[in-house]
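Trainee: I am new to this structure and would like a close look at a single part of it, the sheet. Please describe how its strands are arranged, what ties them to their surroundings, and how that part sits in the whole.

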Amino acid sequence: MRRGPTSLLVARALTVAAVCGIALILALVADPGPILIALAEKATMMLPGVLLVRAVAGPAAGWLPVAVFGPLLGVGISALVMLGLWAIGGRGLWLFLAAPGVVLALVPFAHRVRERWPFPQTAPGDRAALAGLLLIVPLVVGAPFAHIGDEVRVGKAYRAYFTADYVWRRAVVAELAKGDLPPVNPFYRDDALHYYWLPHLPSAVSYRNGHADLDEVLLTNSVFTDVAFVAFLFGLARSFVPVPSAAAAGVASVILASSFEGAFALLENWQLNQPLSLVRYLNIDAVTRWRFHGMPIDGLQRVLFYQPHHALGYALGFMGVLAVTGRRRRFDPTAFAIAGVLLGLSTLVSSFAGLMLTCVAALWEGCSVLRWREWWRAAAHLAAASLPLALAAAVVTALQYVDQGGNIISIGANSVAFNRMWVVTLLSFGPVLMVSALAAWILLRRRDGRGAVFAALWVTCAAFYFFVDIRDHQDVYVGWRVGHLWFVGSTALAAIVFMWLAVQPLWTRRLLGSALGALILIALPTTIIDIYNTQDIYNWAQGPGFFWTLILSHEDQELFAWVKANTLPCAVFQIDPVQRGVEGWAYLPAFAERRMGVGLPISMVPLRKYEQGSARASWIFETGSAESAHKLARRNGIQYLLLGTPERKRHPSAQARFDAAPEFFEPVFRNHEATIYRVR
């Protein structure tokens with residue numbers, strides 16, 4: 001169907017607006033050189049996925065499946081091949097050509113699996129809908145990204161929201177860039193980095209070989225990944241609805257209006273006659289945790305803020321689920337082998353999400369086998385999917401993702417999930433659950449079998465939410481993954497509702513449209529407040545155990561520069577992790593890019609060894625004699641002690657003791673903020 005000149009003009013205008021908006025964010029976070037390098041790196045990694053999807057979908061599907069599924073597929077497969085080249089000694093920028101080049105060898109064979117899956121067919125309105133949807137990226141992340149690491153009067157500012165994910169990502173990429181395999185744990189001496197670090201490897205290669213600031217490397221990567229992730233969500237929705245505008249509306253509504261927590265906080269302040277502006281001092285997307293001690297659920301806007309690794313993992317995992325649930329042939333071991341590859345990749349990139357999505361696919365297929373009583377099919381499909389999944393598990397083991405020092409996953413009722421369950425669920429999931437319920441009714445009424453995949457997703461999410469826990473994450477880690485996976489799936493459900501609503505009689509359309517609009521308006525404050533708070537680096541007030549903005553003073557920056565220039569990348573430093581607490585847990589690995597003898601990382605489990613080690617490290621600063629402190633430091637492989645303001649506060653006599661014993665502790669750097677001693 002041909003489009004009129006007005007439609008073409010709108011599509012072109014939205015495309016220009018989206019490109020300009022994305023270019024503006026990039027210009028705000030990096031200089032032109034790093035932007036062009038990042039663009040070239042991402043383009044080369046995405047290219048194999050684009051060509052693979054083009055070969056599998058065929059020319060009849062048009063550009064849409066290529067644009068929405070290809071980029072993140074290419075990044076995931078290229079990163080895996082890059083890991084193999086890294087393992088045999090590759091460390092240069094040539095990896096960005098070699099890794100995708102290996103994947104390109106698969107393209108000539110991809111057409112052999114054509115016709116196995118129904119891809120969304122390109123429609124006249126897709127260009128305008130996708131371009132308009134991509135404007136969400138600059139809308140959501142533009143201001144927060146522009147203020148990451150901004151210079152303010154007293155130093156460099158990082159909003160506290162980012163310290164758990166973004167600052168952690170700085171520490172991981174800085175460590176990976178040193179080239180060890182497996183990478184060294186910067187928070188525990190002589191230990192491997194027990195973390196799913198594969199998605200950070202391309203950033204590490206870029207940082208190791210380039211001359212860009214680490215913030216520039218990470219933020220440009222985030223922007224490109226966010227754009228590809230939003231495009232993927234559009235493709236996911238279009239897989240279930242043929243109307244581009246409905247798909248775009250569904251994705252936008254879930255990203256921007258998934259929670260009532262912002263409205264609740266504003267209402268509570270109004271009822272208590274308190275200034276509405278007090279929401280500046282709330283982690284607004286975790287009100288259910290703070291106010292009701294329930295399970296916190298993050299919206300997808302937070303994936304865009306600081307979790308590009310999870311965005312990649314979610315996309316790969318959902319592609320794997322679609323490969324199982326959307327196949328045309330009931331018996332298709334090849335489809336299951338490909339699904340196993342995608343789900344295995346998801347597990348390597350975002351381990352817990354990959355595990356959950358593998359369970360979704362298994363549950364759906366199990367129910368299908370029971371329905372048709374085709375037990376032989378179950379055996380063949382299990383064998384086909386098991387090989388790539390087993391290989392992924394072997395890679396996870398070889399890379400030492402999981403710390404063997406204790407049980408990490410707990411099975412049983414999670415008391416946090418059950419606490420004030422109905423109120424917490426309404427506030428965290430309310431808008432999306434209501435829309436999802438309406439979509440479920442529509443699918444049941446139509447006897448649409450595609451609803452089974454959402455049922456499998458819902459059952460899996462509920463089981464993990466209430467009965468699975470990751471230890472030492474305050475019983476809330478699973479809630480973040482469950483919320484994200486349900487929201488990703490709900491983009492398609494919301495699209496189904498918008499498409500259904502568009503064909504209803506006028507009075508129904510007006511009534512339900514008004515109700516849906518009201519629902520979205522009530523939910524919007526959460527995202528609006530979250531965007532504002534995440535960019536508000538001038539909120540220097542004290543939060544619950546931390547300051548809302550992390551400030552790296554000019555003296556801190558002077559110290560970091562000296563450390564990078566005058567110590568080896570493998571040097572081991574020690575601060576007092578107990579005294580630094582949540583405020584300075586990643587101080588050295590993230591900003592000085594040096595390892596610690598022991599620290600208290602909030603992103604690694606189990607925590608017990610870090611807590612015990614930190615108590616021992618604290619004693620180095622407290623012990624009464626410099627000789628005893630020296631013996632403790634040497635015994636723990638510590639090469640430098642850093643005595644800063646937090647250490648002086650807790651150990652007021654430490655500096656005089658160390659200064660009086662240069663035969664044990666040689667002062668090599670000193671400013672107003674800190675003194676660094678080399679352990680002789």
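**The sheet and its surroundings**

Mentor: The part in question is an open sheet of 5 strands, with the order E7-E6-E8-E10-E9 and mixed pairing. The edge strands are E7 and E9, each of which pairs on one side only. Keep in mind that this is a predicted model.

Take the pairings in turn. Strand E6, residues 572-574, and strand E8, residues 640-644, pair in the parallel sense over 2 bridges. Within that pair, Phe 573 stands opposite Tyr 640 in E8. Strand E9 (residues 665-670) and strand E10 (residues 674-679) pair in the antiparallel sense, over 5 bridges. A hairpin of 3 residues joins E9 to E10. Across this pair, Arg 670 stands opposite Thr 675 in E10. As a general point, the side chains in a regular strand alternate between the two faces of the sheet.

Arg 670 is a good place to leave the sheet. Its side chain meets that of Asp 659 in a salt bridge, at 3.2 Å from N to O. Arg 670 lies in strand E9 and Asp 659 in helix H30 (residues 654-659), so the pair ties together parts that are 11 residues apart in sequence. Arg 670 has 43% relative accessibility and counts as partly exposed. Asp 659 is likewise partly exposed, at 33%; the limits for that class are 20% and 50%.

The other edge strand, E7, has a salt bridge too. Asp 180 forms a salt bridge with Arg 595, and the closest N and O atoms are 2.7 Å apart. This pair links distant parts of the chain: Arg 595 is in strand E7 (residues 595-596), while Asp 180 is in the loop between helix H8 (166-176) and helix H9 (201-209), 415 residues apart. The two partners fall into separate classes of accessibility. Arg 595 is buried, because its relative accessible area is 9% and buried means under 20%. Asp 180, at 32% relative accessibility, counts as partly exposed.

Next, consider a helix from this region of the sequence. Ser 618 has its place in helix H27, residues 608-622. With 7% relative accessibility, Ser 618 counts as buried. Leaving aside neighbours within four places in sequence, Ser 618 is in contact with Asp 576, Val 578, Arg 650 and His 651.

Now the nonpolar cores. The largest nonpolar core has 207 residues, and Phe 229 and Phe 232 are those with the most contacts inside it. A second, separate core of 15 residues includes Ile 620, Ala 629, Ala 633 and Tyr 677. Of these, Tyr 677 falls within strand E10, which spans residues 674-679, and Ile 620 falls within helix H27, which spans residues 608-622. The second core therefore has members in both the sheet and that helix. In the largest core, Phe 232 is in contact with Val 68, Phe 69, Leu 72, Ala 315, Phe 318 and Met 319, leaving aside its neighbours within four places in sequence.

For the wider setting, begin with the charged pairs. A search of the whole structure finds 26 salt bridges. One of them is away from the sheet: Glu 374 forms a salt bridge with Arg 330, the closest N and O atoms being 2.6 Å apart. Glu 374 is in the loop between helix H17 (351-372) and helix H18 (375-398), and Arg 330 is in the loop between helix H15 (308-325) and helix H16 (333-349), 44 residues apart. Glu 374 counts as buried at 11% relative accessibility, whereas Arg 330, at 37%, counts as partly exposed. Salt bridges that share partners join Arg 327, Arg 330, Glu 365, Glu 374 and Arg 377 into one network.

Last, the whole. The protein has 30 helices and 10 strands. Its radius of gyration is 26 Å, close to the 26 Å that the globule rule gives for 680 residues, so the protein is as compact as a globular protein of that length. The C-alpha atoms fill a box of roughly 85 × 65 × 50 Å, taken along the principal axes. Buried residues make up 59% of the 680 residues. Of the contacts with a separation of 6 or more, 79% are between residues 24 or more positions apart. The accessible surface comes to about 27200 Å², and 65% of that belongs to carbon and sulfur atoms.

Definitions and conventions
Residues are numbered from 1 along each chain as its sequence is written. This is a predicted model: local features need pLDDT of at least 70, side-chain atom pairs count only at pLDDT 80 or more; totals for chains, interfaces and linings use all residues. Side-chain values use heavy atoms; hydrogens and water are left out. Helices (H or I, at least four residues) and strands (E, at least two) are DSSP runs, numbered from the N terminus. Buried means under 20% relative accessible area, exposed over 50%, partly exposed in between (1.4 Å probe, protein chains only). Contact means heavy atoms within 4.5 Å. Two strands pair if DSSP finds at least two bridges between them. A salt bridge is a side-chain nitrogen of Lys or Arg within 4 Å of a carboxyl oxygen of Asp or Glu. The radius of gyration is taken over C-alpha atoms; the globule rule is 2.2 Å times the number of residues to the power 0.38. Accessible areas come from the Shrake-Rupley method with a 1.4 Å probe; for residues, only the protein chains shown count as cover. A nonpolar core is a set of buried Ala, Val, Leu, Ile, Met, Phe, Trp, Tyr and Cys residues joined through side-chain atoms within 4.5 Å.
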